[in-house]
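Here are a few exercises to work through with the model open in your viewer. Try each task before you read the solution under it.

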Amino acid sequence: MAAVPELAREQMEYYSDENDLLFEVDGPRQMKCCFQDVDLACLGNEGIQLQISHQLFNKSFRQVVSVIVAVEKMRKMPIPCSQVFQDDDLRSLFSFIFQEEPVFCTWDDDYVCDAPPQFLNCKLRDIDQKCLVLSGSYELQALHLNGQDVNRQVVFCMSFVQADENNDKIPVALGLKEKNLYLSCVMKEGKPTLQLEMVDPKKYPKRKMEKRFVFHKTEIKNKVEFESAQYPHWYISTSQAEEMPVFLGSTRGGQDITDFTMEISP
């Protein structure tokens, strides 16, 4: 790698740390002298000529920067010159001063963001306008509500979590507001099953939820569906019949209902 020629001693003293004229916005009004170095000389009326020396010198980074700034200042000086010093001429110096090295980045697949997940409170109804209510301690049912019975409708705390898969769907966890219950998907009697699972309030919700708690939320034309991350192509579903449990189904657009409307709740 070629080295930048050293400035003459008198010139370096002029551009020392004790004198900040070099770094003024408009630069110094007058130069003390011309360069006397054999590699960087002032050639009378022919302007300033910069030559690259192939002899290696052990120069500090500050000296390199000083040379670059000095050359830039001289480029703007109104000195008659047969050939104008261009920006490309200055950029070409960097290939001699700096050596390009590759930067290698590694990504840990087990990385988990320690920030708490964002969430919103919401209510869900299927497209048949049935509300979801808590029946007993660990079961959700879908039924039509009127009048004051509407207050029975559960409010979900929907947390936006980190998913293993990289797709366009939004991974969420569905917990019941002010309760330590989350919808989860497990295998029972050889079939994916939806259940309400009790969790430790000191640990949940968290950014990296276990896969059984994660649903991929998809919204199309103001309708949303929730696909299980643990069991792809299985969806939170309701029955056409009244007061039936909310379940995990694998049929879309059929007898079972997989489309819901979502209402933001305080």
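**Exercise 1. Get an overview of the chain: what share of the residues is buried, and how many helices and strands are there?**

Solution. Start with burial: in this predicted model, buried residues account for 37% of the 266 residues in the chain. Next, the secondary structure: the chain has 4 helices and 15 strands. Then look at contacts between residues at least 6 apart in sequence: 56% of them link residues at least 24 apart. Finish with the surface, where the chain exposes about 17200 Å² and carbon and sulfur atoms supply 49% of that area.

**Exercise 2. Work out which strands pair with E3, and in which sense.**

Solution. Step one: find E3 at residues 118-126 and E6 at residues 156-160; these two pair in the antiparallel sense over 5 bridges. For a concrete example, take Asn 121, whose bridge partner in E6 is Cys 157. Step two: go to E15, residues 260-264, which is joined to E3 by 5 bridges and also runs antiparallel to it. Here you can check Arg 125, which stands opposite Thr 261 in E15. Putting the steps together, E3 has antiparallel pairings with E6 and with E15.

**Exercise 3. Is Leu 174 buried or exposed, and which residues does it touch beyond its sequence neighbours?**

Solution. First place the residue: Leu 174 sits in strand E7, residues 170-176. Its relative accessibility is 0%, and the cut-off for buried is under 20%, so Leu 174 counts as buried. Now list contacts, skipping neighbours within four places in sequence: among them are Phe 156, Cys 157 and Met 158, along with Leu 181, Tyr 182 and Leu 183. Others on the list include Phe 213, Phe 215, Phe 226 and Ile 236. Cys 157 is a name you've met already, as the bridge partner of Asn 121. As a last check, get the C-alpha separation of Leu 174 and Val 214: you should find 7.9 Å for residues 40 apart along the chain.

**Exercise 4. Describe the aromatic pair formed by Tyr 182 and Tyr 204: what are its centre distance and plane angle?**

Solution. Begin with the total, which is 4 aromatic pairs, counting rings whose centres lie within 6.5 Å. For Tyr 182 and Tyr 204, the centres are 6.5 Å apart and the planes make an angle of 50°, a tilted pair. Tyr 182 belongs to strand E8 (residues 181-188) and Tyr 204 to the loop between E9 (191-198) and E10 (214-220), so the pair ties together parts 22 residues apart in sequence. Both partners are buried: Tyr 182 has 5% relative accessibility, and Tyr 204 has 15%. To finish, add Phe 213, which forms one aromatic cluster with Tyr 182 and Tyr 204.

**Exercise 5. Hunt for backbone oddities: which peptide bond is cis, and what are the phi values of His 233 and Glu 243?**

Solution. Keep the usual picture in mind: most residues other than glycine have a negative phi, and most peptide bonds are trans. Now the cis bond: it joins Tyr 204 and Pro 205, with omega about -5°. Pro 205 is in the loop between E9 and E10.

Then phi. His 233 has a positive value near 70° and lies in the loop between E11 (223-228) and E12 (235-237). With a relative accessible area of 56%, His 233 is exposed. Glu 243 also has a positive phi, near 55°, and is found in the loop between E12 and E13 (244-245). At 48% relative accessibility, Glu 243 counts as partly exposed.

How values were computed:
Residues are numbered from 1 along each chain as its sequence is written. This is a predicted model: local features need pLDDT of at least 70, side-chain atom pairs count only at pLDDT 80 or more; totals for chains, interfaces and linings use all residues. Side-chain values use heavy atoms; hydrogens and water are left out. Buried means under 20% relative accessible area, exposed over 50%, partly exposed in between (1.4 Å probe, protein chains only). Contact means heavy atoms within 4.5 Å. Two strands pair if DSSP finds at least two bridges between them. Accessible areas come from the Shrake-Rupley method with a 1.4 Å probe; for residues, only the protein chains shown count as cover. Rings of Phe, Tyr and Trp (its six-membered ring) pair if their centres lie within 6.5 Å; planes under 30 degrees apart count as stacked, over 60 as edge-to-face and the rest as tilted.
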